[in-house]
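Me: Please take a close look at one part of this protein, the stretches that carry a repeat annotation, and then set that part in the context of the rest of the chain.

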Amino acid sequence: MLCAISGEAPQVPVVSPKSGSVFEKRLIEAYIAENGKDPVNGEELSTGDLIEVKSQRVVKPRPPTLTSIPSLLNVFQEEWDALALEAYTLQQTLAQTRQELSTALYQHDAAVRVIARLTKERDEARDALSKVTIGASRTGAAAAEAMQVDSTGLPEAVLARIESTQATLSKTRRKRPIPEGWATSEAISAYQPSASSEPLCPGGRALSVNATGDLALVGGADGAVGIYSLSQKQVLQTLHANGPVTDAVWAGEKAVVASSTGAVKVFENGSEVASFNSHAGAATALAVHATGDIVASVGADKSYVLYDLSTTSVVTQIFSDASLLSVHFHPDGHLIAAGGVDGQIKIFDVKTGVAAANFAMSSAVKCLFFSENGTFLAAVADKSTAVSVWDLRSSQEVKVLDTGNQIDSLNWDYTGQFLLTGGPSGLTVQQYSKAAKDWSEPLRSAVPAVAVGWGVTAQRIVALNSEGAITVLGGQ
């Protein structure tokens, strides 16, 4: 009988009932104490299961080869060779084990990183979900979509400015006379291109004319925004956005620029004075509040953000259920309209963020603009040739003005008479007569425009084409 572990005749033989193998008692007990299993077949085994075998004590005979010094040296040499071979095998096994351990560690590290990222995304999603308030209100036949409202609300100073501005404007707006020297329908009908610039920005997208009517913000796909003087016919300064420009507006003397990276930057006297990164995607459009120092941006992350330029801070962020493409404040400043890719115009209260109304369009809302009389809202669907005019009093679409050309931009003049439209095939001016309650078209021009704006007292029209060139139309 030979021990299954040592391969030698056991001094105290025992038998495992699990495998039927014979072992040296001290060796198998040591193995069981460490592993608790039968070394032959791996089954559970305890020392109590071992069966002792009664046998005579084995006396190892002296090998006949170990009777001389040369024989002993030969045996030692063989044992040395065996030890050297075993050491080499152990080194190979150790190297392979290290390699497998390194691979396992890399895989574990990658798994930990993935788990950490997924956990962060889950927590962010839970946080966003926790802010959602479910509610719906209906205006007419349209149901207002549920909005997510920042629970902190607006600061008292901002609320006071908004309420004061609304109270002042709502009292005087309807009685406001047409300013002296304002362009008439006859004058506008005679407008012709009077000046053109070289391309100022590749892939022109944004245009905004300041209150003096002389400085125009021009932005394009290259991320640069030029401050162009219409009187001097040259770029006075160049501002740099953080990515392709999606929109640019004047807020008093400050230039506000939005980019496809989600950044909203504020410039004054050619220098950057503030930068905001509240959007988790592209910032698609901008609007200036009647106070002049509050700006709104909308984005692909389904939210709009209010900024207080007087303190260069984010005031609030409101989330909807669809990505937003366009935005505009009501002239009194108490409402804000945002156009979504879902074809919905979402109107809600600026002070509370509560949804006030919801108007349905045929497709994504490309652009929208409130009339200065505070009654009408003009909106255009993406790649549409028609302007939908909504009456806020009845929440009904009261007029559809089909220009026959694709419309990419809208701009209502200060008096609420003239609605300017621009597109790749040309621009038009649609006139609303309050006395006759009817619409007419005093001007149709073939000047292409991706963005349009009015000059002072509507005495000229400024148009930006897709190549970034400005064309000015006026009387001869």
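Reply:

**The annotated repeats and their setting**

In this predicted model, the span of residues 324-358 is 63% strand and 0% helix, and its end C-alpha atoms lie 14 Å apart. The span of residues 276-317 has 57% strand and 0% helix, with 12 Å between its end C-alpha atoms. Both spans come from UniProt, where an unreviewed entry lists residues 276-317 and 324-358 under "repeat: WD", and such an annotation may be inferred rather than shown by experiment.

As for the wider chain, the domain assignment gives domain 1 as residues 1-58 and domain 2 as residues 156-175 together with 184-474, and the C-alpha centres of domain 1 and domain 2 are 90 Å apart. Helix α2 covers residues 69-130 and includes Phe76. Together with Ile69, Leu72 and Leu73, Phe76 makes a nonpolar surface patch of about 410 Å²; Phe76 itself counts as partly exposed because its relative accessibility is 49%, and the range for that class ends at 50%.

The cysteines can be considered next. A search of the whole structure finds zero disulfides. For Cys201, the closest cysteine sulfur is that of Cys367, at 18 Å, which is too far for a bond, because a disulfide requires the two sulfur atoms to be within 2.5 Å. Cys201 is also buried, with a relative accessible area of 3%, and Cys3 is likewise buried, with a relative accessible area of 3%.

Methods:
Residues numbered from 1 in each chain as written. Predicted model: local features only at pLDDT ≥ 70, side-chain atom pairs only at ≥ 80, totals over all residues. Heavy atoms only, no water. Patch = residues over 30% accessible without salt bridge, like charges linked within 9 Å, V, L, I, M, F, W, Y side chains within 5 Å. Areas by Shrake-Rupley, 256 points an atom, 1.4 Å probe, with all protein chains shown as cover. Salt bridge = Lys/Arg side-chain N within 4 Å of Asp/Glu carboxyl O. Helix = DSSP H or I, 4+ residues; strand = E, 2+ residues; numbered from the N terminus. Buried < 20%, exposed > 50% of the residue type's maximum accessible area, 1.4 Å probe, protein only. Domains from an automatic or database assignment.
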